[in-house]
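Here's a quick tour of how the helices in this chain pack against one another, and where the main pocket sits. Have a look at the model first.

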Amino acid sequence: MPFTFQTVMPILLLIGSNVFMTVAWYGHLKFPHMAMWAAVMVSWGIALVEYWLAVPANRIGYGAYTAAELKTIQEVISLTVFAGFAVFVLGEKLTWNHAVGFLLIFAGAFFIFRGPLK
């Protein structure tokens with residue numbers, strides 16, 4: 001697949017959107033004493049930025065990628081961003097179970113992009 005605006009820009013936008021969404025969904029865990037309503041409102045504001053990146057990513061990428069391929073790209077990016085966030089921000093440790101689970105998901109991505117089995 002050639003490197004064009006329609007093939008590269010969706011990936012860059014999805015990386016950005018997943019960074020914002022991971023912070024929106026999990027960033028509040030660093031502040032357990034924050035009121036629930038405040039955590040929800042802050043998270044909602046951060047998630048709004050995520051939508052401003054994800055929707056154009058899918059609009060630009062659709063055609064160069066199928067909807068299933070775009071979703072697969074998003075999931076692989078999401079897991080990668082989340083794993084980094086869990087380790088570097090939340091201080092969690094990834095185990096071999098995580099590695100095996102992620103590898104199985106990456107294997108699923110391989111088959112999505114490989115095309116129909118013959």
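## α1 against α3

α1 and α3 cross in a right-handed sense. In this predicted model, their axes lie 9 Å apart and the packing angle is about 50°. That angle makes α1 oblique to α3.

So who touches whom? On the α1 side you'll find Pro10, Ile11, Leu14, Ile15, Asn18, Val19, Thr22, Val23 and Tyr26, and facing them from α3 are Leu70, Ile73, Gln74, Ile77, Ser78, Val81, Phe82 and Phe85. Sorted by class, this α1–α3 contact comes to 13 nonpolar residues, four polar and no charged ones.

## α1 against α2

Next up is the pairing of α1 (residues 5–26) with α2 (residues 36–61), whose axes come within 8 Å and cross at roughly 165°. Angles over 145 degrees count as roughly antiparallel, and therefore α1 and α2 are described that way. The handedness here is left-handed, as α1 passes α2.

α1 brings Phe5, Gln6, Met9, Pro10, Leu13, Leu14, Gly16, Ser17, Phe20, Met21, Val23 and Ala24 to this contact, while α2 answers with Ser43, Ile46, Ala47, Val49, Glu50, Leu53, Ala54, Pro56, Ala57, Ile60 and Gly61. The tally for the contact of α1 with α2 is 17 nonpolar, five polar and one charged. Pro10, Leu14 and Val23 of α1 are worth a second look: they touch α2 and also turn up in the contact with α3.

## α3 against α4

What about the pair α3 and α4? The axes of α3 and α4 (residues 96–114) come within 10 Å, crossing at roughly 160°. α3 and α4 are therefore roughly antiparallel to each other, and their crossing is left-handed.

From α3, the residues involved are Ala68, Glu69, Thr72, Ile73, Val76, Leu79, Thr80 and Ala83; from α4, they are Phe102, Ile105, Phe106, Ala109, Ile112 and Phe113. Class by class, the α3–α4 contact holds 11 nonpolar residues, two polar and one charged. Ile73 of α3 appears here against α4 and again in the contact with α1.

## The largest pocket

Now for the open space. The largest pocket has a volume of about 370 Å³. Its lining takes in 18 residues, and those nearest the centre are Asn18, Met21, Trp25, Gln74 and Ser78. α1, α2 and α3 (67–88) are the elements that give two or more residues to that lining.

Which classes make up the wall? Nine of the lining residues are nonpolar, six are polar and three are charged. Some names will be familiar by now: Asn18, Gln74 and Ser78 lie nearest the pocket centre and also take part in the contact of α1 with α3. Met21, another residue nearest the centre, belongs to the α1–α2 contact.

## The whole chain

Stepping back, the protein chain has four helices and zero strands. Read from the N terminus, the order is simply α-α-α-α. The C-alpha trace spans about 55 × 35 × 20 Å along its principal axes.

Key
Residues numbered from 1 in each chain as written. Predicted model: local features only at pLDDT ≥ 70, side-chain atom pairs only at ≥ 80, totals over all residues. Heavy atoms only, no water. Axes fitted to C-alpha atoms, helices over the stretch in contact; angles between N-to-C directions. Parallel < 35°, antiparallel > 145°, perpendicular 65-115°, else oblique. Left-handed = near helix turned anticlockwise from the far one by under 90°. Contact = heavy atoms within 4.5 Å. Nonpolar A, V, L, I, M, F, W, Y, C, P; charged D, E, K, R; others polar. 1 Å grid on protein atoms, 1.4 Å probe; cavity = no way out; pocket = protein on both sides within 12 Å on 5 of 7 lines; lining within 4 Å. Points joined across faces, edges and corners; volume = space filled by probe spheres on them.
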